[in-house]
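Grab a pencil and keep the sequence and the 3D view side by side. Here are some exercises, each followed by a worked solution.

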Amino acid sequence: MPRKKALSLIAAASALTLGLTACGGGGGEDGGGENEPLQYGYVLPETGDLSHLGPPQISAAQYARQQINDAGGVLGSELPEMLTGDEANDAAQANEAAGRLIDQDADVVIGAAASGMTQAIMDTVTSAEVVECSGSNTAPGLAEEDESGFYWRTAPSDLMQGPVLAQKIASDGHQSVAITYRADDYGEGLANATADALEQNGIEVTFNEGYDPNASNFDSVINGIADAEPDAVVIVAFEEGVQVVTGLIEAGVDADQMYGTDGLNDETLAEKVDAEDPSTVSGFQGTAPDNGDQEFIDGLTSFDGDLKVFQFSGQVYDCVIVTALAAEQAESTDPAVFVEEIAAVSKEGTECTTFEECRDLLADGEDIDYQGVSGPLDFNDTGDVTSATFQIYGYDDEGVHSKQDEITVDAESGGE
């Protein structure tokens, strides 16, 4: 597709102007045609401070690919090996990885994981008329930044998660809360959404301050929280949050006063905080988009027995399945064609839960409503999900992680 090639070169030049390294490229003259296999690629964190969330997302994408191929592929052709790219929580590296995928004729880019990294690659991907679907971008307003219609996300906006977290804190009886967050789009967006919801519930926010996630220590916010003497503490963090949690415990804040979010939904948190005494994190709780039902988790574990963290696995799996179903409905693997069907296959049809089941319904001429493993999806016109299921997670007296509860909310009740 010559047009696709030209567009991606323009996008790469634009990215260079912004100071981001880009390879340019695009779908290529032979890419995206109706008679060619649907090509997936990913830009996900293989390294960097979000690397603990790389394995569940990468494995989930590969697991979805296997299930699609086991069902006969998309439009009768098996999906090729997935193209790979490391976002590394570095804007230039993420954009370079995205450019390579465009050059290799990717039709769908899964990722990036971090909202900030998606902002770095979005123009490169969508200007090349390649579909981008993220299973973990949560920054409010991110989908609205894309005017092309090629960006989608299966993860819910933080405007939906903030009220869920605030409701949990309120139900636990806390009256004053301190919030600390990594100073980026993800951290600030979720911190402010939580603070607004807490105040609407009549709970005082005594401290709300960001920190540099690359700092050598976090003494400033730890001391500020200790001085505020709150009933509870909200920590919006990635891997560096382990140091924040450890510092707060050393400052006399009990783990059962702490609440995390998806970036700290880590089955190995107890070991990271105190390997000699996992009970140190006993009572720590948090909220996160639900990973998926147990059947999905069991299947993913069978596919990759080394997985220890599962956050956002369900959302990434759904990205692959829903875009494959859109190609089936469009009867085309050209992203400029099947992008128009992504919202359609997620609502207002016969409910179905697997690629094979949904594909067969389409073959029978039925409209479908794909019910994702992470929730019902139901995309709106901007590429956001309008409902989502969140889990309440926590750690017991032995530091063992578990899902304690779940709640499904829609965008209207969640604040969007």
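**Exercise 1. Place Gln311 in the fold, then work out what surrounds it.**

Solution. Start with the location: Gln311 is in the loop that joins helix H10 (294-303) to helix H11 (313-330). Keep in mind as you look around that this is a predicted model.

Next, is Gln311 buried or exposed? Its relative accessibility is 0%. The cut-off for buried is under 20%, so Gln311 counts as buried.

Now list the neighbours. Leaving out residues up to four places away in sequence, Gln311 touches Leu53, Pro56, Gln57, Asp262, Asn265, Ala288, Pro289 and Asn291. Pro289 deserves another look: the side chain of Gln311 reaches the backbone oxygen of Pro289 at 3.0 Å.

**Exercise 2. Explain why strand S5 (residues 176-182) is described as largely enclosed.**

Solution. First, count the buried residues: 7 of the 7 in S5 are buried, so the strand is largely enclosed by the rest of the structure.

Second, sort the side chains by direction. In a regular strand, side chains alternate between the two faces of the sheet. Here Ser176, Ala178, Thr180 and Arg182 point one way from S5, while Val177, Ile179 and Tyr181 point the other way. Both sets are buried.

Third, look at the strands alongside. S5 pairs with strand S6 (residues 204-211) in the parallel sense, over 7 bridges. Within S6, Gly210 is the bridge partner of Tyr181. S5 also pairs with strand S7 (residues 232-236), again in the parallel sense, over 5 bridges. In S7, Ile235 stands opposite Thr180, and Ala232 stands opposite Val177.

Finally, follow the chain from S5 to S6. Together with helix H6 (residues 185-200), these two strands make a right-handed β-α-β unit.

**Exercise 3. Zoom out to the open sheet of 7 strands and give the strand order.**

Solution. Reading across, the order is S6-S5-S7-S8-S9-S12-S13, and the pairing is mixed. Which strands sit at the edges? They are S6 and strand S13 (401-410), each pairing on one side only. From one strand to the next, the twist averages 20°.

Then add a helix to the picture. Helix H5 (residues 158-171) lies across S5, S7, strand S8 (258-260), strand S9 (285-289), strand S12 (387-395) and S13. H5 runs at about 40° to S12.

**Exercise 4. Show that the buried residues of helix H7 (residues 219-228) share a side.**

Solution. Begin by picking out the buried residues of H7: Val221, Ile222, Gly224 and Ile225. They cover an arc of only 165° around the axis, which puts them on the same side of H7. A helix rule helps here: an α-helix has 3.6 residues a turn, so residues three or four places apart point the same way.

What do these buried residues pack against? Their partners are S5, S6, S7 and helix H8 (241-250). Turn to the other side of H7, and you'll find Ser220 and Asp227 exposed.

One last detail: just after H7, Glu229 takes a positive phi of about 50°.

**Exercise 5. Describe the sheet of 4 strands and the helix that packs on it.**

Solution. Get the order down: this open sheet runs S1-S2-S3-S4, with parallel pairing. Its edge strands are strand S1 (40-43) and strand S4 (151-153), and each of them pairs on one side only. On average, neighbouring strands of this sheet are turned by 25° against each other, direction ignored.

Now bring in helix H3 (residues 91-103), which packs on the sheet and touches S1 and S2. The direction of H3 makes about 175° with that of S1.

For a residue-level check, take strand S2 (residues 108-111) and strand S3 (residues 131-134), which pair in the parallel sense over 3 bridges. Ile110 stands opposite Cys133 in S3.

**Exercise 6. Find Asn95 and say what its side chain contacts.**

Solution. Asn95 is in helix H3. With a relative accessibility of 0%, Asn95 counts as buried. The side chain of Asn95 makes a polar contact with the side chain of Thr124, at 2.8 Å.

To get a sense of distance, compare Asn95 with Met258: they are 163 residues apart in sequence and 35 Å apart in space, C-alpha to C-alpha.

Terms used:
Residues numbered from 1 in each chain as written. Predicted model: local features only at pLDDT ≥ 70, side-chain atom pairs only at ≥ 80, totals over all residues. Heavy atoms only, no water. Buried < 20%, exposed > 50% of the residue type's maximum accessible area, 1.4 Å probe, protein only. Polar contact = N/O pair within 3.5 Å; in protein donor to acceptor, adjacent residues only side chain to side chain. Contact = heavy atoms within 4.5 Å. Pairing = 2+ DSSP bridges. Right-handed = clockwise from strand over helix to strand, strands pointing away. Axes fitted to C-alpha atoms, helices over the stretch in contact; angles between N-to-C directions. Arc of directions from axis to C-beta.
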